[in-house]
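Trainee: I have just opened this one and would like to go through it slowly with you. Could we agree on terms before we look at contacts?

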Number of protein chains: 2
Amino acid sequence: MLVPVEKPQSKREGLRRETLALILATAERIFADHGFKGATMQAIADGANLPKANLHYYFPTKQDLYRQVVERIFNIWLDAAESFDTQANPEQALGTYIRKKMEISRSHPYGSKVWANEVIHGAPIIHDYLETTLTEWTDSRIEVIARWASEGLIDPVNPRHLLYMIWSTTQHYADFSHQIATLNNGVPFNDAQWAQATECVTNIILKGIGVKRDAPS
Amino acid sequence: MLVPVEKPQSKREGLRRETLALILATAERIFADHGFKGATMQAIADGANLPKANLHYYFPTKQDLYRQVVERIFNIWLDAAESFDTQANPEQALGTYIRKKMEISRSHPYGSKVWANEVIHGAPIIHDYLETTLTEWTDSRIEVIARWASEGLIDPVNPRHLLYMIWSTTQHYADFSHQIATLNNGVPFNDAQWAQATECVTNIILKGIGVKRDAPS
DNA sequence: CGTCAACCTGACCAATTGGTCAAAAGAATT
DNA sequence: AATTCTTTTGACCAATTGGTCAGGTTGACG
């Protein structure tokens, strides 16, 4: 899904990519902090040290820019789910998936917030993504989880709700980072706290659905 | 926390309350669908069938109106946690709390969305609430959960992460209702689906933290 | 009925903001 | 060096929007 980065062909080409990346990163932050309407092209331009008119050269409209920001985090999430295919047993597959999702919450908090924002408001811009890509993706994972249940490897839970629980719990650490930091004496999680959160979330969910852990050392 | 409703003293008084309630309900919906900046006083006025100037008579500024909407859902959530005090054992206390939170997600989806929106954007308006009321409330519940753990009634989980999991999972059904509906053939949950979601969430979490169920029939 | 306060409302304004445009500057190519 | 295409930029505009205000209406109360 994520295309490999190719070498720039020329000075122009390289500069163009840098500028695009800078704009997207800045826009992600501004959109996350202020919402679609609250974010202004001027603020994004200032954040990227560009004149506003230059922004419109690369992204003709605010919506174009926004859409690319949303698509980016979506694809990152999709990639994180390869563990469903590569890992054989539920403990490995789900454990890896949850841990990856937690990592993404830490490394891409702004993207997660933009997505949350978009969906909360009824997904006006990326509605088609939900109906096509997300639906197909979800159905395929549900099938895998349902198979585990039918084979007795996990409790007979509704796969949909399991997925929702994984999504909501992991993304909460990104989307509600401000609330979490406030309840953490006003400072964001450090390495150890992130590790503990990841372990805690993974344990509760895996135990909650009764995964049969093979090779209990 | 929620003050009991008193009888209106006069025609004026009664009408005033109706108008206030209508404005708050409409504003909650508009703010949830469009965010603080995206919601316009004109849209709220139209939704409540009032002239915009009349809105400013009751709520001098947009921020005043917004703050009251946010405070409302916050107080509803606080009230839902009385089960921590009234229920003796963890299974009852947490089970009741989770079920109540799910009910609120169904009955007050707009309020939940407004809160999520606010926190995602760094809680610019209700920052003080997080630092005072929410911090105190959380600390007191953490104490209760920690006691259960020390008494061996539940696994030794970090109470903070348990709370976050309950919050995120239950509120997800409100905040991401559009995504959930889309993945549900485009229609919102019906009664049976809400019941199943509630049961599923409750079971996984309670089992996940290893609650000792007394009187296993 | 008369008075007063509360309530309602159309018209208006200043500030913000997404987007445009023409002209200049810079790179690539022949 | 000349030409062409891409990129940059300041100035500008039309539309939106939070909030104001003066004047009118309505209910409460003596």
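Mentor: Let us begin with the salt bridge, which here is a side-chain nitrogen of Lys or Arg within 4 Å of a carboxyl oxygen of Asp or Glu. This is a predicted model, in which local features need pLDDT of at least 70, side-chain atom pairs count only at pLDDT 80 or more, and totals for chains, interfaces and linings use all residues. Residues are numbered from 1 along each chain as its sequence is written, chains are lettered from A and ligands numbered from 1 in the order in which they are written, and side-chain values use heavy atoms, with hydrogens and water left out.

Trainee: Okay, how many salt bridges does the rule find across the interface of chain B and chain A?

Mentor: The rule finds 2 across that interface, and one of them joins Lys207(A) to Asp155(B), with the closest N and O atoms 2.5 Å apart.

Trainee: And which helix of chain B gives the most to the side that touches chain A?

Mentor: That is H9(B), with 11 residues; helices here are DSSP runs of H or I with at least four residues, and strands are runs of E with at least two, numbered from the N terminus.

Trainee: What area is buried between chain B and chain A?

Mentor: About 4600 Å² is buried between chain B and chain A, and carbon and sulfur atoms give 66% of it. Buried area means the accessible area (1.4 Å probe) that two parts lose on being put together, summed over both. The contact, meaning heavy atoms within 4.5 Å, takes 52 residues from chain B and 52 residues from chain A.

Trainee: Switching to the DNA, which residues come nearest to strand D?

Mentor: There are 19 residues around DNA strand D, and those that come nearest are Ala53(A), Tyr57(A), Tyr58(A), Lys52(B) and Lys62(B). A residue is near a strand if one of its heavy atoms lies within 4 Å of it. Of the atoms of DNA strand D that come within 4 Å of the protein, sugar and phosphate account for 59%.

Trainee: What lies 2.8 Å from a phosphate oxygen there?

Mentor: A polar side-chain atom of Arg16(A) lies at that distance from a phosphate oxygen of DNA strand D, and a polar side-chain atom of Tyr58(A) also lies 2.8 Å from a phosphate oxygen of the strand. From chain B, a polar backbone atom of Met41(B) is 2.9 Å from a phosphate oxygen of DNA strand D.

Trainee: Which helix supplies the largest share of that surface?

Mentor: H3(A) does, with 4 residues.

Trainee: Last topic: where do the domains of chain A begin and end?

Mentor: The assignment gives domain 1 (11-60) and domain 2 (69-208), with bounds that come from an automatic or database domain assignment. Their centres, taken over C-alpha atoms, are separated by 28 Å. The contact between them takes 9 residues from domain 1 of chain A and 7 residues from domain 2 of chain A.

Trainee: How much do they bury, and which residues of domain 1 lose the most area?

Mentor: Domain 1 and domain 2 of chain A bury about 770 Å² between them, 67% of it on carbon and sulfur atoms. In domain 1, Leu24(A), Glu28(A) and Ala32(A) lose the most area to domain 2, together 60% of what that side buries. Glu28(A) also forms a salt bridge with Arg72(A), where the closest N and O atoms are 2.8 Å apart, and the rule finds 1 salt bridge across this domain interface.

Technical notes: A polar contact is a pair of N or O atoms within 3.5 Å; within protein, one must be able to donate a hydrogen and the other to accept it, and residues adjacent in sequence count only if both atoms are side-chain atoms.
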